[in-house]
Each structure stands twice: as C-alpha cells, then as structure tokens.
Amino acid sequence: MVVSESMPQTESKLLSIELILARLLRVGSIIAALLVGAGIAASATGGAALAQRLITAGLLVLLATPIMRVLVAALVFVRQREWHFALFCFVVLCALAAGIILGRGI
C-alpha cells in the first residue's frame with residue numbers, strides 16, 4: 001500500500017507502522033523458513049547434529065518473531081508519543097515475559 005501525502009497525518013502514521021511490522025514479520029518468517037529448510041537439507045545429507053541446531057534455531061526465530069513485533073510496535077508508539085498503544089504493548093510484553101518465566105518449570 002502506498003502512503004500518499006494527501007492522507008491525514010494519523011492515517012499515514014498508522015500505515016507506516018503497519019508496513020514496518022509487516023516487513024518485520026515477513027523477514028522473521030523467511031529467516032525461520034530458511035533455517036528450518038537448511039536443517040532439513042542437512043538432515044538429508046547426514047549432518048544430524050547440524051540439522052538439529054538449524055531446526056532449533058529456525059523454531060526459535062519463528063517464536064521470537066511475534067515478540068519482536070510487539071517490541072518494535074512499542075518502540076514506534078513511544079517514538080510517536082502514542083502513550084496508550086505503547087502501554088498496551090508493554091503490558092503484552094510483560095505478559096509474554098511472565099509466561100516464559102513461569103513456563104520454564106513445567
């Protein structure tokens with residue numbers, strides 16, 4: 001989607017945020033897919049230890065991508081002084097951190 005100059009300022013800001021977040025998700029997904037694909041290829045060629053590491057790295061990137069999305073959104077909202085949305089993002093980050101910390105023992 002193209003951001004035109006005739007759009008109101010808030011719509012232009014929202015579109016730029018959406019573009020940044022969409023690119024972040026796309027890049028994270030592509031990196032994860034490449035790592036998992038390389039892991040599968042390494043597994044097929046007999047490199048079991050390397051394959052396991054690549055697949056694990058790909059899955060970690062895949063899991064970290066939405067977390068990075070929330071973090072980047074929070075930073076963008078803070079930069080644009082959209083305090084309500086920034087607060088929501090930090091609440092989501094705190095909930096994610098609590099889930100990760102509490103889920104370690106399970």
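**Exercise 1. Decide how many disulfides the chain has, and describe the surroundings of Cys89 and Cys94.**

Solution. Begin with the rule, by which a disulfide is a pair of cysteine sulfur atoms within 2.5 Å; applied to this chain, the rule gives a count of zero disulfides. Next take Cys89, which is in no disulfide, since the nearest cysteine sulfur belongs to Cys94 and is 11 Å away. Cys94 is likewise in no disulfide, and the nearest cysteine sulfur to it, that of Cys89, is 11 Å away. Finally, compare accessibility, where buried means under 20% relative accessible area, exposed means over 50%, and partly exposed is in between, with a 1.4 Å probe and protein chains only. Cys89 has a relative accessible area of 10% and is buried, whereas Cys94, at 54%, counts as exposed.

Before going on, note that this is a predicted model, in which local features need pLDDT of at least 70 and side-chain atom pairs count only at pLDDT 80 or more, while totals for chains, interfaces and linings use all residues. Residues are numbered from 1 along each chain as its sequence is written, and side-chain values use heavy atoms, with hydrogens and water left out.

**Exercise 2. State which elements the chain has, and find out whether the chain is spread out or compact.**

Solution. First list the elements, taking helices (H or I, at least four residues) and strands (E, at least two) as DSSP runs numbered from the N terminus. The chain has three helices and zero strands, and from the N terminus on the order is α-α-α. Then look at the radius of gyration, which is taken over C-alpha atoms and set against the globule rule of 2.2 Å times the number of residues to the power 0.38. The chain has a radius of gyration of 18 Å, well over the 13 Å that the globule rule gives for 106 residues, so the chain is more spread out than a compact globule. Along the principal axes, the C-alpha atoms fill a box of roughly 55 × 40 × 15 Å. As a last step, consider burial: 18% of the 106 residues are buried.

**Exercise 3. Describe how helix H1 and helix H2 are arranged, and what kinds of residues make up their contact.**

Solution. In general, two packed helices are described by the angle between their axes and the distance between the axes. Here an axis is a line fitted to C-alpha atoms, for helices over the stretch in contact, and angles run from 0 to 180 degrees between N-to-C directions. The axes of H1 (residues 9–44) and H2 (residues 48–79) come within 7 Å and cross at roughly 175°. Angles under 35 degrees count as roughly parallel, over 145 as roughly antiparallel, 65 to 115 as roughly perpendicular and the rest as oblique; H1 and H2 are therefore roughly antiparallel to each other. The residues of this contact divide into 26 nonpolar, six polar and one charged, where Ala, Val, Leu, Ile, Met, Phe, Trp, Tyr, Cys and Pro count as nonpolar, Asp, Glu, Lys and Arg as charged, and the others, Gly among them, as polar.

**Exercise 4. Place Leu34 and Arg53 in their helices, and say how far each lies from a residue further along or back in the chain.**

Solution. Leu34 belongs to helix H1 and is exposed, with a relative accessible area of 59%. The C-alpha atoms of Leu34 and Leu54 are 9.2 Å apart, although 20 residues separate them along the chain. Arg53 belongs to helix H2 and, at 63% relative accessibility, counts as exposed. Between Arg53 and Leu35, 18 residues apart in sequence, the C-alpha distance is 9.2 Å.

**Exercise 5. Locate Arg81 and describe its phi.**

Solution. Arg81 lies in the loop between H2 and helix H3 (83–103), and with a relative accessible area of 61% it is exposed. Its phi is near 60°, a positive value in a residue other than glycine. Most residues other than glycine have a negative phi.
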